[in-house]
Amino acid sequence: MNVALLCCALFAAHVDVRAYGAAGDGVTKDTKAIQSAIDEAARAGGGTVRVGNGTYLTGSIFLRSGVDLFLDGATLKGSPDRGDYNAVDVCPQNWSSKAESASGAHLLLCIEQTNVTVRGTGRVDGNCTAFLLGPDGKPWPGGQGRIPWRPSQMLYFVESANIRVEGISLVDSPYWSCFFHGCTNVTARNLHVRTRREPFHTHNGDGIDIDCCEDVEVSGCDINTADDSITLRADVVRLKRPRPCARIRVSDCRLASACNGIRVGVGDGEVRDVIFRNIEIYDTRTAADFVSSWRRGGRGVAMDGISFDGMKVESVLFCRISPSFAKETRIGNISFSNVTGRTECTSWITGRKDSPIGKVVFDHVALPHGVMCLNAPEVRVEGGLFERREPSEDEMAAYNSTIDKKDQFPCVFSGTLYDSIQRRRMKFR
């Protein structure tokens, strides 16, 4: 435990939200009671706020420095009412997205705080059905942009330090589940995250998003999501103190996704010094997806020093590495070691003719189909059963002629590959 957190635990207040009027009956709105308990603990210099058994219906809750929010078998459930959530201008770092119908509202907010813990055996339930389903009980027609209103990231930590989220379940978020933006010294341990369900999934239902954070440990997490399970981002634009996404350690996690198990990209900053170790990825479209920029005109993310050691993979595609819309490729020093499993399609590493992909190494990777390399002369395959594949001259010419089009994924080489990756949801069992 961080020394500051230990001091808080030893010397600060211990309060129970029921002492402040919380009902925990799943009907009464307990926002004011929970916030009062947190504020009182913060005024006392920090301490533990216990939320005992029950379902606590709540709107936006603001976490405070020195406070340990202990969900002792409790469920915090998001209110279905828009008026119970924060406004988008709650802080300058916050944002909304019209295209994704993401309002900028959050359930738990930690804005520029230090020594904050959210832990226990309980759950944070985003109550997604209240926002993603229409009056007829079916998903709003027309996709994510047609949802009338929904909260954004369920847990929102921004420019905060010494943060620990441990043991709890994060379920049914209406958008991303847990977002760390511009934070330092973060631990996310033994989390159970779910946004993937039948008969509908959460649009943009990410698991853990780590954006411009330094010194982060993610371990022992079980994540099954409709969108990316774990993402590393470098979007510095809104931060007061821009920083790289660096010194990230992810270990002993089990991931599944209708999209990407691990995704790296978004923004114009840097992702560097990252280690993934002992990762299982199953029932997933793409195990590891590196895309420097998803928008035109952006510089894109620089990626350097990212390693994977010990992976078990069952996915349609093992990896994709591409600058996409970034005009300058800043991707290199990526390695995959000791990988086993099953895939259905060839992996892709696709650079630009005048700006190729840097060094990528596959060391003892035992997967079928291999990797197609386009404008990626520094890709090496050492040991294992993985194969480097080269395009024909016609395929390379076709790729280079289409690289700046909207759909930059190299589907020109296989009429079925792109459709397979986009539509299929594997059920490896």
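**Figure 1. Strand S20 and its neighbours in the predicted model.** Strand S20 covers residues 230-234 and is mostly covered, with five of its five residues buried. The model shown here and in the other views is predicted. Ile-230, Leu-232 and Ala-234 point one way from S20, while Thr-231 and Arg-233 point the other way. Residues on both sides of S20 are buried. Strand S17, residues 208-211, runs parallel to S20 and is joined to S20 by four bridges. In this pairing, Asp-211 stands opposite Arg-233 of S20. Strand S22, residues 260-267, also runs parallel to S20, again with four bridges between the two strands. Here Leu-232 stands opposite Val-264 of S22.

**Figure 2. The second largest pocket.** This pocket holds about 240 Å³ of space. Its lining consists of Asp-235, Val-237, Arg-238, Val-266, Gly-267, Asp-268, Ser-292, Ser-293, Trp-294, Arg-295 and Gly-298. Strand S22 supplies at least two residues of this lining, and so does strand S23 (270-293). Sorted by class, the lining has three nonpolar, four polar and four charged residues. Asp-235, Asp-268, Arg-238 and Arg-295 are among the lining residues, and Asp and Arg count as charged.

**Figure 3. The largest cavity.** Rolling a probe the size of a water molecule over the atoms shows where empty space is left. The count comes to one cavity of 30 Å³ or more. About 40 Å³ of space lies in the largest cavity. The residues lining this cavity are Gly-78, Tyr-85, His-106, Leu-107, Gly-126, Pro-151, Ser-152, Met-154 and Pro-174. Five of the lining residues are nonpolar, four are polar and none is charged. Tyr-85, Leu-107, Met-154 and the prolines Pro-151 and Pro-174 belong to the lining, and residues of these types count as nonpolar.

**Figure 4. Helix H2 and the glycine that follows.** Helix H2 runs over residues 31-43, and its 13 residues should span 18 Å at 1.5 Å a residue. The end C-alpha atoms of H2 are 18 Å apart, so the span in the model agrees with the expected one. The buried residues of H2 are Thr-31, Ala-33, Ile-34, Gln-35, Ala-37, Ile-38, Asp-39 and Ala-41. After H2 comes Gly-45, which has a positive phi near 100°.

**Figure 5. Strand S3 between two parallel partners.** Strand S3, residues 47-51, is mostly covered, with four of its five residues buried. Strand S1, residues 13-16, pairs with S3 in the parallel sense over four bridges. His-14 stands opposite Thr-48 of S3. Strand S6, residues 67-71, also pairs with S3 in the parallel sense, over five bridges. In that pairing, Gly-47 stands opposite Val-67 of S6.

**Figure 6. Glu-112 and Asn-278, two residues with positive phi.** Most residues other than glycine have a negative phi. Glu-112 has a positive phi, near 55°, and is not a glycine. Glu-112 lies in the loop between strand S8 (108-111) and strand S9 (114-120). The relative accessibility of Glu-112 is 32%, so this residue counts as partly exposed. Asn-278, likewise a residue other than glycine, has a positive phi near 60°. Asn-278 is placed in strand S23. With a relative accessible area of 45%, Asn-278 is partly exposed, because partly exposed residues lie between the cut-offs of 20% and 50%.

**Figure 7. Cysteines without a disulfide.** The structure holds zero disulfides. Cys-259 is in no disulfide, and the nearest cysteine sulfur, that of Cys-345, is 15 Å away. A disulfide needs two cysteine sulfur atoms within 2.5 Å, so the 15 Å separation rules out a bond between Cys-259 and Cys-345 in this model. Cys-345 is also in no disulfide; for this residue the nearest cysteine sulfur belongs to Cys-319, 12 Å away. Cys-259 has a relative accessible area of 14% and is therefore buried. Cys-345 counts as buried as well, at 10% relative accessibility. Both values are under the 20% cut-off for a buried residue.

Terms used. Residues are numbered from 1 along each chain as its sequence is written. This is a predicted model: local features need pLDDT of at least 70, side-chain atom pairs count only at pLDDT 80 or more; totals for chains, interfaces and linings use all residues. Side-chain values use heavy atoms; hydrogens and water are left out. Buried means under 20% relative accessible area, exposed over 50%, partly exposed in between (1.4 Å probe, protein chains only). Two strands pair if DSSP finds at least two bridges between them. On a 1 Å grid over the protein atoms alone, a cavity is a set of points where a 1.4 Å probe fits but cannot get out, and a pocket is an open set with protein on both sides within 12 Å along at least five of seven lines; lining residues have an atom within 4 Å of a point. Grid points are joined across faces, edges and corners, and a volume is the space filled by probe spheres set on the points. The expected span of a helix is 1.5 Å times one less than its number of residues.
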